[in-house]
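Trainee: Could we go through this structure together, one question at a time?
Mentor: Gladly, let's have a look.

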Amino acid sequence: MSASDLERELADLKQTAIAAIATAADLDRLEQLRVQFLGKKGQLSQVLRGMGKLSTDERPRVGARANDVKQALQTSLEGARNNLEAAAIAAQLASETLDVTLPGVGRPLGRKHPLNSTIDRMIEIFIGLGYTVAEGSEIETDYYNFEALNTPPDHPARDMQDTFYLPGGKLLRTHTSSVQIRYMERHAPPIRIAAPGRVYRRDTVDATHSAVFHQLEILSVEEGLSFTDLRGTIVEFLRQMFGTELEVRFRASYFPFTEPSAEVDVRWQGKWLEVLGCGMVDPNVLKAVGYDPERYTGFAAGFGVERFAMVLHRMDDIRRLYASDLRFLRQF
Ligand code: DAH
């Protein structure tokens, strides 16, 4: 093959290669073309193999031409690669465009059940009065629910707190007073606790009674506590809970675990509504947990959470609190 033949071949090769590179649709195709034209067994190498037969003065000229072609193809490949890469990025950006002016996906926001918000509010007030929160379990033994609270098996007060008995002598606690015993067993005085929780009774359900309801217990034991402290604490609590307008009355009462005992009523819809029981902790209860009743005195109270929710939110029937009717619950 003559030098001019080779030069023509080089020129043709350059033309076809540049045309092919210009139409490459993606980077894979571009790589194929690079191998096809510039690879070791590519078309350019084949042409160069023909140079061996050229004379020594022709060879540099054709060699220089071949170099020009090689460089032209490399430049063309590089340009095409840059363009394809830029196009790929632009396409990705376009597909991921975010319209920040679109409205978001609305998710309905839950809210606290009025019973829980009432408990939270009550606890908040007692925390402000120096109490810490304690808890016990809903399944109790006869000892913690009754006996340690000065209520032996034959005690008539048990009639008012009939409950659900479980296999193995356990029962569902009838009040949060059991937490008093559990806490005192593990802590030395002075103590000041508020214990919220669910309690159970074999009660006939009506507008103000339920077989499952909630209480908040408070217990304070230290040296020198008197009924004045109890009264002051309750009155301050009710003042913070309801404001001063609500009429309150302390009424002498009886509980096996307190002496003296009282019930507290608030004036609600023209009637007195009992909202809590309270009293000075009976010395027998202190003895049962190993406290010295000669040295320590204490007061305790049990609040009916449902009753407070009723007064707070002007409800007519506690059964609404358990019905899970969103039309009702959304109001709080
Ligand atoms: N445990 C009582 C009940 O459920 C309420 C009660 C009364 C709790 C007097 C007390 C208390 O702590 O001192 O009826």
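**Helix H7, the ligand and the core**

Mentor: Let's start with helix H7, whose buried residues are Ser177, Ser178, Val179, Gln180, Ile181, Tyr183 and Met184. Keep in mind that this is a predicted model.

Trainee: How many of the 10 residues of H7 are buried?
Mentor: Buried here means under 20% relative accessible area. Ser177 and Met184 are among the residues of H7 that meet this. The helix, residues 177-186, is mostly covered, and its buried residues number seven.

Trainee: Which residue has an N or O atom in its side chain 2.9 Å from a nitrogen atom of the ligand?
Mentor: The ligand is surrounded by 16 residues, and the closest include His175, Arg201 and Glu217. Arg201 places a polar side-chain atom 2.7 Å from the ligand, but from an oxygen atom. Gln215 also reaches a ligand oxygen, at 2.9 Å. The nitrogen atom has its 2.9 Å partner in the side chain of Ser177.

Trainee: What percentage of the ligand's accessible area does the protein cover?
Mentor: On its own, the ligand has 350 Å² of accessible area. The part of this covered by the protein is 93%.

Trainee: Why is strand E8 described as largely enclosed by the rest of the structure?
Mentor: E8 spans residues 271-281. It runs antiparallel to E7, with nine bridges joining the two, and it pairs with E9 in the antiparallel sense over five bridges. The description rests on burial, because the buried residues among its 11 number eight.

Trainee: Which residue of E9 stands opposite Gly277?
Mentor: Gly277 belongs to E8 and is the bridge partner of Glu263. E9 comprises residues 297-304. There, the residue opposite Gly277 is Gly302.

Trainee: Which residue in the turn between E7 and E8 has a positive phi?
Mentor: The two strands form a hairpin, with two residues between them. One turn residue has a phi of about 50 degrees, and that is Gln269.

Trainee: Which four residues touch the most other members of the largest nonpolar core?
Mentor: This core has 40 residues. E8, E9 and helix H10 are among the elements that each supply at least two of them. Phe303 is in contact with Phe237, Leu276 and Phe308, among others. The four you asked for are Phe237, Leu276, Phe303 and Phe308.

Conventions: Residues numbered from 1 in each chain as written. Predicted model: local features only at pLDDT ≥ 70, side-chain atom pairs only at ≥ 80, totals over all residues. Heavy atoms only, no water. Buried < 20%, exposed > 50% of the residue type's maximum accessible area, 1.4 Å probe, protein only. Helix = DSSP H or I, 4+ residues; strand = E, 2+ residues; numbered from the N terminus. Pairing = 2+ DSSP bridges. Core = buried A, V, L, I, M, F, W, Y, C linked by side-chain atoms within 4.5 Å. Contact = heavy atoms within 4.5 Å. Near = heavy atom within 4 Å. Polar contact = N/O pair within 3.5 Å; in protein donor to acceptor, adjacent residues only side chain to side chain. Areas by Shrake-Rupley, 256 points an atom, 1.4 Å probe, with all protein chains shown as cover. Lists of a residue's contacts leave out its neighbours within four places in sequence.
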